[in-house]
Amino acid sequence: MGLVIDVRAVAASRRPGFSKTMLAASLDEAGIGYLHLRALGTPKAGREAARAGRTAEMRAIFEAHLEEPQAQMALAEAAEIAANRPSALLCYEGRGGGLSPPHRRPARPGRHRLRGRGPLAGR
């Protein structure tokens, strides 16, 4: 693993060690790079819809967001990086007070846009 690409709109966390600064420092100590591509995060309206359980609305908001120029540039940047360096995407997919089991997590709508563009972990 060479780089973690953080695609959270808000790179803060209640989980110890997962806020942007602490996470970047910890990864650096392990010899792993960190890059925050905020433009690939779910907009506030999408996060609010997700918290309210309106998954379809969240996905529609997120898909529309990915068509915006800033998101398109960030997608291109992530694809370029992943094509040249082993990388993993970091996003938050939680429910309630903790992470949900993988079989209950909604699929990350943006990840499919990077498939086939480089060696991203977690395909």
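Which residue in β3 does V4 stand opposite? In the predicted model examined here, V4 stands opposite A88 of β3, and this pairing serves as the entry point for a description of the strands, the helices that accompany them, and the charged side chains placed among these elements.

The chain contains four helices and six strands, and when it is read along the sequence these elements follow the pattern β-α-β-α-α-α-β-β-β-β. Of the 123 residues in the chain, 36% are buried. Among the contacts between residues at least 6 apart in sequence, 69% join residues at least 24 apart.

Strand β1, which comprises residues 3–6, pairs with two other strands, β2 and β3. With strand β2 (residues 33–36), β1 runs parallel and is joined by four bridges; within this pairing, L3 has G33 as its bridge partner, while I5 stands opposite L35. The connection between these two strands passes through helix α1 (residues 20–29), and the resulting β-α-β crossover is right-handed. With strand β3 (residues 87–90), β1 likewise pairs in the parallel sense, again over four bridges, and it is here that V4 is set opposite A88. Both faces of β1 are covered, in that L3 and I5 on one side and V4 and D6 on the other are all buried.

The structure holds two salt bridges, one of which involves a residue of β1. In general terms, side chains of opposite charge can pair when their charged atoms come close. The side chain of D6 meets that of R8 in a salt bridge, with a nitrogen-to-oxygen distance of 2.7 Å. D6 counts as buried because its relative accessibility is 0%, and R8, at 8% relative accessibility, also counts as buried, the cut-off being under 20%. In the second salt bridge, the side chains of E57 and R54 meet at 2.5 Å, N to O. Here E57 counts as partly exposed, at 36% relative accessibility, and R54 is likewise partly exposed, with a relative accessible area of 40%. The pair formed by D6 and R8 is thus made of residues that count as buried, whereas the pair formed by E57 and R54 is made of residues that count as partly exposed.

E57 falls within the residue range of helix α3, which covers residues 55–66. This helix has 12 residues and reaches 16 Å from its first C-alpha to its last, close to the 16 Å expected at 1.5 Å a residue. Its buried residues are M58, F62, H65 and L66. Seen down the axis of α3, these buried residues fall within an arc of 95 degrees, so they line one face of the helix. An α-helix has 3.6 residues a turn, so residues three or four places apart point the same way. The buried residues of α3 pack against two other helices, namely α2 (44–51) and α4 (69–84).

Helix α4 also holds residues that count as exposed. Q70 is found in this helix and is exposed, with a relative accessible area of 61%. The C-alpha atoms of Q70 and R38 are separated by 9.6 Å, although the two residues lie 32 residues apart along the chain; for Q70 and L37, which are 33 residues apart along the chain, the corresponding C-alpha separation is 10.0 Å. R38 itself lies in the loop between β2 and α2 and, at 55% relative accessibility, counts as exposed. When residues up to four places away in sequence are not counted, R38 touches R8 and A9. The exposed R38 is therefore in contact with R8, a residue that counts as buried at 8% relative accessibility and whose side chain meets that of D6 in a salt bridge.

N84 is likewise found in helix α4, where it counts as exposed at 60% relative accessibility, over the cut-off of 50%. N84 and G2 are 82 residues apart in sequence, yet their C-alpha atoms are 9.9 Å apart in space.

Note on methods: Residues numbered from 1 in each chain as written. Predicted model: local features only at pLDDT ≥ 70, side-chain atom pairs only at ≥ 80, totals over all residues. Heavy atoms only, no water. Expected span 1.5 Å × (residues − 1). Buried < 20%, exposed > 50% of the residue type's maximum accessible area, 1.4 Å probe, protein only. Arc of directions from axis to C-beta. Contact = heavy atoms within 4.5 Å. Salt bridge = Lys/Arg side-chain N within 4 Å of Asp/Glu carboxyl O. Pairing = 2+ DSSP bridges. Right-handed = clockwise from strand over helix to strand, strands pointing away.
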